[in-house]
Amino acid sequence: MVDTGRWYRIRNLARFRLCLLAPFLFVTLALPCTVQASNNFYLLYRQWQPYDWPENLPSANEVTRSQRGLGWHRQGSGSTFGINYDYQPLRIRTGDPAHNGHLHRLTLGGEWQHQLYRLEARAGVAGTSNMFKYQDVHSDLVNGRIALFRTLDENSSLSLGIGGDHRFGSFRWLPRVRWQQSNERGNWLVDLPVLMEWQSPGRLWEFRLERNGDRWATLDKAREVESALYLQEWKTELMYRVHDGGGSWPAVVIGIGASIDTRVQYQDLNTGNVDLSLGDALLASLRLDW
């Protein structure tokens with residue numbers, strides 16, 4: 001049972017972190033949006049090739065990983081807004097990690113363009129399943145991601161900005177350089193140092209190289225050790241739209257790619273803080289869009 005003082009500290013810290021992001025989300029929701037907007041609902045399944053355990057231990061098993069996701073997006077001429085949920089089992093079966101490997105994440109946010117400025121923001125909760133099962137949470141449950149850009153001028157495709165997130169481990173602020181252009185060969189987006197993307201005309205093909213990283217609040221089985229798990233990787237994926245959909249039928253998108261330099265940090269009850277390189281793994285995905 002969590003005592004009153006501890007709940008008070010957790011609530012105040014979570015409220016403080018939300019207050020940092022709330023003004024940005026409030027302002028962006030108030031920005032003018034186009035009247036003609038499109039809504040999109042999706043389902044996603046992604047499966048990774050098993051990772052080899054990084055150490056040659058007789059008791060070690062391979063690390064398996066998959067992801068299930070769903071969400072809703074609303075897109076206008078100068079803004080997008082969405083709600084996303086994903087469940088990601090990451091089964092590390094060696095040692096005594098202070099988490100159960102079942103990672104849940106629920107976020108809301110989007111992207112907004114206003115004159116020369118562009119804002120990307122999201123806020124949400126991320127934690128292991130036993131935290132939600134027993135309703136025993138701590139402050140690491142709340143996290144977010146934010147970036148603000150300014151175009152050089154009205155006709156420029158280049159923007160400069162700054163962003164803060166967990167893509168490279170603990171939360172940090174990094175300078176960002178964003179370039180976007182559309183021509184007869186497709187849509188191009190470069191957002192250094194976190195993303196490169198290309199979409200073919202008609203969005204039949206899509207290629208992404210991106211830096212992924214986030215934090216999930218963790219709790220050991222006895223619900224005594226509060227900690228966090230950090231997962232980072234470079235993910236590259238080539239996607240192809242197999243079917244455009246129509247009526248009640250969804251559009252079908254398949255993908256193939258790889259996770260490169262996958263790293264995970266967490267607290268092991270036997271060895272302390274662990275920083276593992278799981279290495280590289282191939283992946284495949286299936287996405288349904290309505």
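**Exercise 1. The surroundings of Asp268**

Task: In this predicted model, find which residues Asp268 touches, leaving out those up to four places away in sequence, and then work out whether Asp268 is buried or exposed.

Solution: Begin with the contacts, where, once residues up to four places away in sequence are set aside, Asp268 touches Thr94, Gly95, Asp96, Pro97 and Val274. Next, place the residue in the fold, where Asp268 belongs to strand β13. The relative accessible area of Asp268 is 6%, and the limit for a buried residue is under 20%, so Asp268 counts as buried. Finally, look at the polar atoms of its side chain, one of which lies 2.7 Å from the backbone nitrogen of Asn270, while the backbone nitrogen of Thr271 is reached by the side chain of Asp268 at 3.3 Å.

**Exercise 2. A serine in strand β13**

Task: Determine which side chains make a polar contact with the side chain of Ser259, and state the relative accessible area of this residue.

Solution: Start by locating Ser259, which lies in strand β13. Its relative accessible area is 0%, and Ser259 is therefore buried. Then follow the side chain of Ser259, which makes a polar contact with the side chain of Trp48 at 2.7 Å and another with the side chain of Glu233 at 2.6 Å. Both partners appear again in the wider list of residues that Ser259 touches, not counting those up to four places away in sequence, and this list also includes Tyr51, Arg65, Trp234 and Lys235, as well as Gly279, Asp280, Ala281 and Leu283.

**Exercise 3. The nonpolar cores**

Task: Identify which members of the largest nonpolar core touch the most other members, and find which element gives the largest share of this core.

Solution: The largest nonpolar core has 18 residues, and those that touch the most other members are Val63, Leu90, Ile92, Leu229, Val264 and Tyr266. Turning to the elements, two or more residues of this core come from each of β12 (226-243), β13 (251-268) and β14 (272-289), and the largest share, 5 residues, is that of β14. As an example of one member, take Val264, whose contacts, not counting residues up to four places away in sequence, are Leu90, Ile92, Leu229, Tyr230, Leu231, Val274, Asp275, Leu276 and Leu278. Separate from this, there is a second core of 5 residues, with Met131, Leu141, Ala217 and Leu219 among them.

**Exercise 4. The cavity**

Task: Say how many cavities of 30 Å³ or more the structure holds, and describe which residues line the largest cavity.

Solution: The structure holds 1 cavity of 30 Å³ or more, and the volume of the largest cavity is about 30 Å³. Its lining consists of Gly163, Gly164, Asp165, Phe168, Arg172, Leu174, Arg176 and Val194. When these are sorted by class, the lining has 3 nonpolar, 2 polar and 3 charged residues. As for the elements, β7 (158-165) and β8 (172-183) each supply at least two residues of the lining.

**Exercise 5. From one residue to the whole chain**

Task: Find where Leu108 lies, and then state how many helices and strands the chain has.

Solution: Leu108 is in strand β4, which covers residues 102-114, and its 38% relative accessibility makes it partly exposed. The C-alpha atoms of Leu108 and Gly124 are separated by 6.3 Å, although these residues are 16 apart along the chain. Widening the view, the chain has 2 helices and 14 strands, and 44% of its 290 residues count as buried. Lastly, among contacts between residues at least 6 apart in sequence, 54% join residues at least 24 apart.

How values were computed:
Residues are numbered from 1 along each chain as its sequence is written. This is a predicted model: local features need pLDDT of at least 70, side-chain atom pairs count only at pLDDT 80 or more; totals for chains, interfaces and linings use all residues. Side-chain values use heavy atoms; hydrogens and water are left out. On a 1 Å grid over the protein atoms alone, a cavity is a set of points where a 1.4 Å probe fits but cannot get out, and a pocket is an open set with protein on both sides within 12 Å along at least five of seven lines; lining residues have an atom within 4 Å of a point. Grid points are joined across faces, edges and corners, and a volume is the space filled by probe spheres set on the points. Helices (H or I, at least four residues) and strands (E, at least two) are DSSP runs, numbered from the N terminus. Ala, Val, Leu, Ile, Met, Phe, Trp, Tyr, Cys and Pro count as nonpolar, Asp, Glu, Lys and Arg as charged, and the others, Gly among them, as polar. A nonpolar core is a set of buried Ala, Val, Leu, Ile, Met, Phe, Trp, Tyr and Cys residues joined through side-chain atoms within 4.5 Å. Buried means under 20% relative accessible area, exposed over 50%, partly exposed in between (1.4 Å probe, protein chains only). Contact means heavy atoms within 4.5 Å. A polar contact is a pair of N or O atoms within 3.5 Å; within protein, one must be able to donate a hydrogen and the other to accept it, and residues adjacent in sequence count only if both atoms are side-chain atoms.
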